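User: Could you walk me through the packing in this one? I'd like short answers with the reasoning shown.

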Amino acid sequence: MDSSDFRSLPPTDQGEWRLHLRDLLYQLIGAKHGPTMADEEKELMLSTPAYFTPAQQVKAWIDLAQQFLPD
């Protein structure tokens, strides 16, 4: 799914999908960095500017996730 697919989802599904994506990304960061990274640092990696729309936030998280996934 990319950000354009995300925008086509009903609002309820968008919220659920964003939570799922965020949780998955949090786990990916933890798997990559293990116990060397504090929870606060993981949260900081997931933070986006307050003015981002939900679709922009999803795009930023997808871009971040791609850094942690094998080619």
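Here are some questions and answers on rings, burial and the core.

Analyst: Quick ground rules: this is a predicted model, where local features need pLDDT of at least 70, side-chain atom pairs count only at pLDDT 80 or more, and totals for chains, interfaces and linings use all residues. Residues are numbered from 1 along each chain as its sequence is written, and side-chain values use heavy atoms, leaving out hydrogens and water.

User: What kind of aromatic pair do Tyr51 and Phe52 form?

Analyst: Rings of Phe, Tyr and Trp (its six-membered ring) pair if their centres lie within 6.5 Å; planes under 30 degrees apart are stacked, over 60 edge-to-face, and the rest tilted. The structure holds 1 aromatic pair. The centres of the Tyr51 and Phe52 rings are 5.5 Å apart and the planes sit at 75°, so the pair is edge-to-face.

User: Is Gln57 buried or exposed?

Analyst: Gln57 sits in helix α4 (residues 54-68), helices being DSSP runs of H or I with at least four residues, numbered from the N terminus. Buried means under 20% relative accessible area, exposed over 50%, and partly exposed in between (1.4 Å probe, protein chains only). At 14% relative accessibility, Gln57 is therefore buried.

User: Which helix gives the most to the largest nonpolar core?

Analyst: A nonpolar core is a set of buried Ala, Val, Leu, Ile, Met, Phe, Trp, Tyr and Cys residues joined through side-chain atoms within 4.5 Å. The largest one has 11 residues, including Leu21, Met37 and Trp61. Both α2 (11-33) and α4 supply at least two residues of this core. The top contributor, with 6 residues, is α4.
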